[in-house]
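Trainee: I have just opened this structure. Could you walk me through some of the terms used for it?

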Amino acid sequence: MDQAGHLIEYARIRGNSTISGLRFDSRGILYVATIQGTIYKIDPNKSGRVVAHLAHRQNNDEIFLADLVIGPQEELYVSNCPSNNGGIYKVEPDGEYKVLTSGTQQGTQGLLLDQEGCLWGLEHATGTLIRRSLTGTIMTRIAVADSQAF
């Protein structure tokens, strides 16, 4: 937004990507997740690069990235929403990634990292809020909505 309150373009993602998650880190670097499985890193000077492209390494699992958070070691945690996968991926700063959780078949969205270093996410199909350790261990499950509401 400019000083007059008008929206201005911050950066442009090339191609036909649909942005699904945005997060700035403490240094002003913008991380962008797309539903197509690509994660971008855009520096404050607006130069950008692809951090990872998750869709290329999957075994016919549908990729539909939904949200991302930045961990304490600058790693990224990215949720995958489709009901046939619904996992959470941990993406290292060098672009290497691994599945933190998979096969939930519930569609994870809305990731947050709390002050204690725990990852929160909403299972879309069940309406359940789940708190996990950064290793993926479920610590808390809270039903917040009827699954039929989604």
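Mentor: Happily; this is a predicted model, and we will talk about aromatic pairs, burial and a cavity.

Trainee: Why is the pair of Tyr-10 and Phe-24 called edge-to-face?

Mentor: Ring centres must lie within 6.5 Å to pair, and planes over 60 degrees apart count as edge-to-face. The centres of Tyr-10 and Phe-24 are 5.7 Å apart and their planes stand at 85°, so the pair is edge-to-face.

Trainee: What makes this a link between distant parts of the chain?

Mentor: Tyr-10 sits in the segment before strand S1 (19–24), while Phe-24 belongs to strand S1, 14 residues apart.

Trainee: How do you know whether Tyr-10 is buried, partly exposed or exposed?

Mentor: Buried means under 20% relative accessible area and exposed means over 50%. Tyr-10 has 32%, so this residue is partly exposed. Phe-24, with 48%, is partly exposed too.

Trainee: And why are Tyr-89 and Tyr-97 called an edge-to-face pair?

Mentor: Their ring centres are 6.0 Å apart and their planes are at 85°, so that name fits this pair as well. Tyr-89 has a relative accessible area of 1%, so it is buried. Tyr-97, at 14%, counts as buried too. By this rule there are two aromatic pairs.

Trainee: Which elements give two or more residues to the lining of the largest cavity?

Mentor: They are strand S10 (119–123) and strand S11 (128–132). S10 gives the most, with four residues. The lining includes Leu-119, Trp-120 and Arg-132, and the cavity holds about 40 Å³ of space.

Note on methods
Residues are numbered from 1 along each chain as its sequence is written. This is a predicted model: local features need pLDDT of at least 70, side-chain atom pairs count only at pLDDT 80 or more; totals for chains, interfaces and linings use all residues. Side-chain values use heavy atoms; hydrogens and water are left out. Rings of Phe, Tyr and Trp (its six-membered ring) pair if their centres lie within 6.5 Å; planes under 30 degrees apart count as stacked, over 60 as edge-to-face and the rest as tilted. Buried means under 20% relative accessible area, exposed over 50%, partly exposed in between (1.4 Å probe, protein chains only). On a 1 Å grid over the protein atoms alone, a cavity is a set of points where a 1.4 Å probe fits but cannot get out, and a pocket is an open set with protein on both sides within 12 Å along at least five of seven lines; lining residues have an atom within 4 Å of a point. Grid points are joined across faces, edges and corners, and a volume is the space filled by probe spheres set on the points.
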